[in-house]
Structures are given as structure tokens and as C-alpha cells.
Amino acid sequence: MTSPKRKSRELDIPEVESSKKTKLSSDEESEASEIPISNPNAAPDSHIDHKAAIAYWQGTEATVSGVLGGFPEVSRVDIQGSSNFLTKLRRSSKHHPTSKKLRRAADCGAGIGRITEGLLSQVAEVVDIIEPVKSFTDAIQGKPGVGEIFHVGLEAWHPDRDGLGPYDLIWNQWCVGQLTDVQLVDYLKRMVLVLSEGGWIVVKENLSNHNLGEDVFDSEDSSVTRTDTKFRELFEKAGLKLVSTELQRGMPKGLYPVRAYALQPR
Ligand code: SAH
């Protein structure tokens, strides 16, 4: 899921195996031969279905526990880690030093605005919210420091076309797994166009622990969990350079590792 998530114990069993295990009666068998069997070699992100993803999130309660997949206790350590990460970035920045507030930030795939409330609204004068689920953004409306709210998926957000920005900070956490690889690269390329000089794109996500080093599709919220290698490849394709990266410390045992990446145009 695009939220803290328990590591899967069955990652070495390709999904197709489970369908093979199902015993079919002879009737079903003749019918089954007509049904195209899903290609076991299909890329994990090819299974992403935005409608299914939105349906999942619409059915999730608008609370910290809801957006954090039932691990609300992770929020504190996560926000603290993010705050330290950002402070370190800004300490060595001539454009956005810690001595003055950022002008505008974007909270992308914001959920109920947990990061805006805990971090972004404290470091930026205005925070725009991008979140496709209305019941989540209803929880954010009118909160201090909140600017524009956009009800769209990141794959359909075109701030460049709409004359928005510039943003000093574009924060993406536990949500880019909802996009396919191609969508993610295109999205990041668009973000470069609305980033201020010296600004950062931050991506903070779970990392796949697949034993063959593959991304993993999660049918529950129709998302992929990517490997560190894949993330770096996609950032490169989007024309970004990695300026800093940190593993989130203090995550509960048994959950996926979480890594933050700070990116700037090359
Ligand atoms: N970033 C927030 C919320 C994480 S939960 C936090 O860390 O607290 C994942 C969020 O991604 C949900 O709010 C869900 O509605 C949103 N989401 C689902 N599909 C998306 C898409 N295509 N683009 C952007 N966000 C999406």
C-alpha cells in the first residue's frame, strides 16, 4: 500500500502461482482455456488501475490511522525524520535557508493533510494540496496555511499548464506508488517546470524488499512498491539529480523500510 505497510512474506511466489493452485472442475477447465491468463512477465506497474485505487481510498476513514494503513504510531517518527531531513537540506541552501519561510510548498497525494499539518505549514507560508479523494481534503479545508486544493491524481495534475507555482518544495509521500513508471517520470518532469530556483522535490516512500529485486504490485490499493534501484532509474529519466537521501529510522519492525529522496533538476 502507499502507506506504511507490513513486509510481505510471500514475495518470492509470483502472483500467477496462486491462480494455478486453484483446482478447476472439468467444466471450468474447458471454459478457462478461453480466458486469457495474465502474463506472469507483465511489469508490476501494468496492473495499476486508478479507479480501483480511488475506490479503495474512498472507503478508508479520514483519520491518521486510515491514511497510514493502520499504523498511526508511525506518524510521529516520520514527521520528526522529515523535519530533520528538510532542515539539513536548507542549512546548506543559499536560496532557501532556514532563516526565512519557504513561499509555497505542495503536499502531493496529501491524504488528510497529515504532513501539511505536522511539517509543511510550519516551514512554508502557503501549502497547496493535491489529493484525489474529497473526504480526505474535506478534513484539510480551512486549516492554517492551506492554499489551493486540487482534487486530482498526480498523473493528471498540470501545474505548469495551469500557471501555478513556483514551488520551493514539492513533497510526495506514500503516494507515487499509485502511478505507473511512465506516469511517474512524466509527472516529475512537469514538476521541474514549476520548481523555484534551489527548490526541492522530495519523494518519501516504502522500498520493495523483493528477494529478486523487483517492484511489487499490491492489489489492495492498486499500487506498486518500488526498489531503491528503480526509484533512482526513474529520477534519472526525469532529468533529476539526487541531492540527499536518508533511510527513515525508528520504523516499527516488520514494516517496509522507508526512504526519503531530495531531488533537483540536473
Ligand atoms: N501522503 C499522505 C497520505 C498517504 S495515503 C501521508 O503521508 O499522510 C495515500 C494517499 O494517496 C491517499 O490519500 C490516496 O487518496 C492518495 N492517492 C491515491 N491515488 C492517487 C493518485 N493517483 N495521485 C495522488 N494521490 C493518490
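Colleague: Which elements each supply at least two residues of the lining of the second largest pocket?

Modeller: Helix H3 (50-58), strand S1 (102-108) and helix H6 (114-123) each do so. Helices (H or I, at least four residues) and strands (E, at least two) are DSSP runs numbered from the N terminus. This is a predicted model, in which local features need pLDDT of at least 70 and side-chain atom pairs count only at pLDDT 80 or more, while totals for chains, interfaces and linings use all residues. Residues are numbered from 1 along each chain as its sequence is written, and side-chain values use heavy atoms, with hydrogens and water left out.

Colleague: Which element gives the largest share of that pocket's lining?

Modeller: H3 does, with four residues. The second largest pocket has a volume of about 420 Å³. Its lining consists of 27 residues, and those closest to the centre are Gly-109, Glu-131, Trp-174, Cys-175 and Gln-178. By class, 16 lining residues are nonpolar, seven are polar and four are charged. Here Ala, Val, Leu, Ile, Met, Phe, Trp, Tyr, Cys and Pro count as nonpolar, Asp, Glu, Lys and Arg as charged, and the others, Gly among them, as polar.

Colleague: What makes a space a cavity and not a pocket?

Modeller: On a 1 Å grid over the protein atoms alone, a cavity is a set of points where a 1.4 Å probe fits but cannot get out, whereas a pocket is an open set with protein on both sides within 12 Å along at least five of seven lines; lining residues have an atom within 4 Å of a point. A volume is the space filled by probe spheres set on the points, which are joined across faces, edges and corners. By this rule the model has one cavity of 30 Å³ or more, and the largest cavity has a volume of about 50 Å³. Its lining is formed by Met-1, Thr-2, Gly-177, Glu-205, Asn-206, Val-224, Thr-225, Arg-226 and Phe-231. Strand S5 (195-206) and strand S7 (223-225) give two or more residues each. The lining of the largest cavity has three nonpolar, four polar and two charged residues.

Colleague: Why is H8 called oblique to H9?

Modeller: The axes of helix H8 (residues 181-192) and helix H9 (residues 228-237) come within 9 Å and cross at roughly 45°. Angles under 35 degrees count as roughly parallel, over 145 as roughly antiparallel, 65 to 115 as roughly perpendicular and the rest as oblique, so H8 is oblique to H9. On the H8 side, the contact (heavy atoms within 4.5 Å) is made by Asp-181, Leu-184, Val-185, Leu-188 and Lys-189, and on the H9 side by Lys-230, Leu-234, Phe-235 and Lys-237. These residues comprise five nonpolar, no polar and four charged.

Colleague: How do you know that H5 and H6 are roughly parallel to each other?

Modeller: The axes of helix H5 (residues 74-91) and H6 cross at roughly 25° and come within 10 Å; the two helices are therefore roughly parallel to each other. From H5, Ser-75, Asp-78, Ile-79, Ser-82, Ser-83, Leu-86 and Arg-90 meet Arg-114, Ile-115, Gly-118, Leu-119 and Val-123 of H6. This contact has five nonpolar, four polar and three charged residues.

Colleague: What joins Gly-165 and Pro-166?

Modeller: A cis peptide bond joins them, with omega at about 0°. Pro-166 lies in the loop between strand S3 (146-150) and strand S4 (167-173).

Colleague: What is phi of Trp-174?

Modeller: Phi of Trp-174 is near 50°, a positive value in a residue other than glycine. Trp-174 lies in the loop between S4 and H8. Most residues other than glycine have a negative phi, and most peptide bonds are trans.

Key:
Axes are lines fitted to C-alpha atoms, for helices over the stretch in contact, and angles run from 0 to 180 degrees between N-to-C directions.
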